[in-house]
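Work through the exercises below with the model open beside you. Try each task before you read its solution.

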Amino acid sequence: MNGSADDDARRHERMRRRTAKLDREFAFSAPGGGDCRPTYTRGEAEQRASTLLAKLPALPAIVLEASKPAGASVEGLEAAVEKDPSLAAMVLAVGGSSFFRGDGPPARNLAALMEQVGTAAFRGLTFVAAFRGIFGAALPWYGYGERGLWRHLVGTAVAARKLGRAMGLHKLACETLFLAGMLHDIGKPTVQGLLDSRAPSAEAASQGGTLTVLEAELRAVNMTHTELVPLILDIWGVEHDIFAMTEHHHAPQRAGAHAVQASLLQLADVLANLAGTGLEHEYGFSNVPLEKAAGRLNLSLELCRSVQEELGWTVAEIATEADSAAG
Ligand SMILES: [Fe+2]
Ligand SMILES: [Fe+2]
């Protein structure tokens, strides 16, 4: 993304407005205690985050084509493939995983793949392929190694779609949940970028794992990864009203009309963390217990455990396909 001074000013103003909204709605404040102090004032954090967001790569042509409200066209896909043949190959390879194609044969080209999986699932597929590069870096503060965040996003997306189907939700709603899973933690690289040598370790910021990730982020840098999601979608020009649940995946009780979707996303996130998807060590922050997250949706622990068990294998298959396409 090319960040002009005007773009920076607009981003900053959007962030200021959002902060005021968050303050009003949730009275967000970092818990005190210990010798942990945020490295930045809120104003400094916003300024630095704006600079980091300006460097975010644009969404690739294939994702933009797949995200068109009327769905991708064959001509549009062909043009997108020409612009980025390696990403097109990755979309095709990941689409060949059993999670996406089910029992069908591997598709020969993107148009056939879109026909096979449907336009909504195809859109999710392009995010999986594109995010491997965009969000592939290690985020040590959160416990993610190389491609760890990407694996966590894929794991949460897969779990969200499986849970949605188990609850009997409409196919389109399940694909929206898949996308929400892919998007839910995309603010983490920006928070990681705000952490400098003065910043407390995750261990210190979370008081030895007793505070939530949002509380630890506020204590470290005065900003949370959840508030950054809509800003990133704004920069990309992705319409984000349908992803309102992503902002509340750590506090679904605050999601109002989106409480069910936010609860489902929270449960998917908890299952991905329990499965250790993308994590180099155990999840280092206080997390909502599985029983509570499942209870909000009246889902049985047996069902949740079976989704958790399938996650490792499904994400590994998708990652293997993506790796083989990357060469
Ligand atoms: Fe999160
Ligand atoms: Fe997450």
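Two residues are in contact if their C-beta atoms, placed from the backbone, lie within 7 Å. The model is predicted: local features need pLDDT of at least 70, side-chain atom pairs count only at pLDDT 80 or more, and totals for chains, interfaces and linings use all residues. Residues are numbered from 1 along each chain as its sequence is written, and chains are lettered from A and ligands numbered from 1 in the order in which they are written.

**Exercise 1. Contacts of a core residue**

Task: find which residues L271 is in contact with, leaving aside neighbours within four places in sequence.

Solution.
Step 1. Apply the 7 Å cut-off to C-beta atoms. L271 is then in contact with A159, C304, V307, Q308 and L311.
Step 2. Place L271 in its core. A nonpolar core is a set of buried Ala, Val, Leu, Ile, Met, Phe, Trp, Tyr and Cys residues joined through C-beta atoms within 7 Å. Buried means that 20 or more other C-beta atoms lie within 10 Å of the residue's own; exposed means 12 or fewer, and partly exposed lies in between.
Step 3. The largest nonpolar core has 91 residues, and L271 is listed with V91 and A160 as having the most contacts inside it. Helix α9 (residues 148-166) supplies the largest share of this core, nine residues. Domain 1 (57-134) and domain 2 (135-327) each give the core at least three residues.

**Exercise 2. The overall fold**

Task: state how many helices and strands the protein chain has, then judge its radius of gyration against the globule rule.

Solution.
Step 1. Count DSSP runs, numbered from the N terminus: helices are H or I with at least four residues, strands are E with at least two. The protein chain has 17 helices and zero strands.
Step 2. Take the radius of gyration over C-alpha atoms; the globule rule is 2.2 Å times the number of residues to the power 0.38. The radius is 19 Å, close to the 20 Å that the rule gives for 327 residues, so the chain is as compact as a globular protein of that length.
Step 3. Add the extents. The C-alpha trace spans about 60 × 50 × 40 Å along its principal axes.
Step 4. Add burial and contact range. Buried residues are 48% of the 327. Of the contacts between residues at least 6 apart in sequence, 70% join residues at least 24 apart.

**Exercise 3. The domain contact**

Task: describe the side of domain 1 that touches domain 2.

Solution.
Step 1. Set the bounds, which come from an automatic or database domain assignment. They are domain 1 (57-134) and domain 2 (135-327).
Step 2. The C-alpha centres of the two domains lie 23 Å apart. The contact takes 21 residues from domain 1 and 23 residues from domain 2.
Step 3. On the domain 1 side, the elements giving two or more residues are α5 (85-95), α6 (98-101) and α8 (119-134). Helix α8 gives the most, with eleven residues.
Step 4. Sort this side by type. Ala, Val, Leu, Ile, Met, Phe, Trp, Tyr, Cys and Pro count as nonpolar, Asp, Glu, Lys and Arg as charged, and the others, Gly among them, as polar. The result is 13 nonpolar, six polar and two charged.

**Exercise 4. Around helix α14**

Task: compare the reach of α14 with its expected span, and check phi at G237 and N222.

Solution.
Step 1. The expected span of a helix is 1.5 Å times one less than its number of residues. Helix α14 (residues 225-236) has twelve residues and reaches 17 Å from first C-alpha to last, close to the expected 16 Å.
Step 2. Check burial. H225, T226, E227, L228, V229, P230 and L231 are buried in α14.
Step 3. G237 follows α14, and its phi is positive, near 75°.
Step 4. N222 sits in the loop between α13 and α14. N222 is not a glycine, yet its phi is positive, about 65°.

**Exercise 5. Buried or partly exposed?**

Task: classify C174, E65 and Q207 by their C-beta neighbours.

Solution.
Step 1. C174, in helix α10 (residues 171-183), has 22 other C-beta atoms within 10 Å and is therefore buried. Beyond four places in sequence, C174 touches R161, G164, R165 and L169.
Step 2. E65 lies in helix α3 (residues 61-66). With 24 C-beta neighbours inside 10 Å, E65 counts as buried.
Step 3. Q207 is in the loop between α12 (202-205) and α13 (213-221). Q207 has 17 neighbours inside 10 Å, so it counts as partly exposed.
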